[in-house]
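I opened this one to see how the chain is put together and how far to trust it. My notes are below, in the order I looked things up.

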Amino acid sequence: MTTTKHHPADLTPVTDMEQVRERRAKALLEWRDELGGQWAVALSHGLPNADDLAYEIEVVERSIGDAHPSMFDAHFSEWIVRDAGRLHEPGSTPASCAMCDVAREGGAA
Ligand SMILES: [Zn+2]
């Protein structure tokens, strides 16, 4: 005499995977945003790593585009506008620039 137990477990993984996907997408977006900020600072201050950052941004954007095409489409123009808005003259001290902060605190005396 044998009894077979049915596990309801095979219903749950789908939502787990979806959550993992969403968390990963969010992390990629945040990383893209962080890189965009660093790139704008590097370009504004003539730092030599601007090209490296631009390349890294391209890699992250491609990851987003491959895994989440609709998310990429929704954000792409926003990224361009936001990064362009972050470019500035050194010393014009926008709130979010670490390089300008350093110049203001140390070099300006
Ligand atoms: Zn700056």
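These entries go from overall confidence to the fold, then to single helices and residues.

**Entry 1: confidence.** I'm working from a predicted model. I checked pLDDT before anything else: the mean for the protein is 86, with 82% of residues at 70 or more. Split by helix, α2 (residues 50–67) comes out highest at a mean of 97, while α4 (residues 98–107) is lowest at 77. Note to self: where pLDDT is low, the predicted coordinates should not be read in detail.

**Entry 2: fold.** I counted four helices and zero strands. Going along the sequence, that reads α-α-α-α. Of contacts between residues at least 6 apart in sequence, 55% join residues at least 24 apart.

**Entry 3: burial and core.** I looked up how much of the protein is buried: 10% of its 109 residues. The largest nonpolar core has six residues, namely Leu35, Trp39, Ala40, Val41, Cys97 and Cys100. Helix α1 (residues 13–44) is the top contributor to this core, giving four residues.

**Entry 4: helix α3.** I wanted to know how the end-to-end length of α3 compares with expectation. Helix α3 covers residues 69–86, 18 residues, so at 1.5 Å a residue it should span 26 Å; the C-alpha atoms at its ends are 25 Å apart, which agrees. I also found a kink in α3 of about 40 degrees, centred on His75. Is α3 mostly buried or in the open? Just one of its 18 residues is buried, so α3 lies largely in the open.

**Entry 5: Glu22 and His68.** Glu22 sits in helix α1. I get 11 other C-beta atoms within 10 Å of Glu22, and because the cut-off for exposed is 12 or fewer, Glu22 is exposed. I then checked Glu22 against His68, which is 46 residues away along the chain: their C-alpha atoms are 9.6 Å apart.

**Entry 6: Leu29 and His75.** Leu29 is also a residue of helix α1. How exposed is Leu29? It has 17 C-beta neighbours inside 10 Å; buried needs 20 or more and exposed 12 or fewer, so Leu29 counts as partly exposed. Its partner in my distance check was His75, where the kink in α3 is centred. Leu29 and His75 are 46 residues apart along the chain, and 8.9 Å separates their C-alpha atoms.

Definitions and conventions. Residues are numbered from 1 along each chain as its sequence is written. This is a predicted model: local features need pLDDT of at least 70, side-chain atom pairs count only at pLDDT 80 or more; totals for chains, interfaces and linings use all residues. Helices (H or I, at least four residues) and strands (E, at least two) are DSSP runs, numbered from the N terminus. The expected span of a helix is 1.5 Å times one less than its number of residues. The bend at a residue is the angle between axes fitted to the seven residues ending there and the seven starting there. A nonpolar core is a set of buried Ala, Val, Leu, Ile, Met, Phe, Trp, Tyr and Cys residues joined through C-beta atoms within 7 Å. pLDDT is the predictor's confidence in each residue, from 0 to 100. Two residues are in contact if their C-beta atoms, placed from the backbone, lie within 7 Å.
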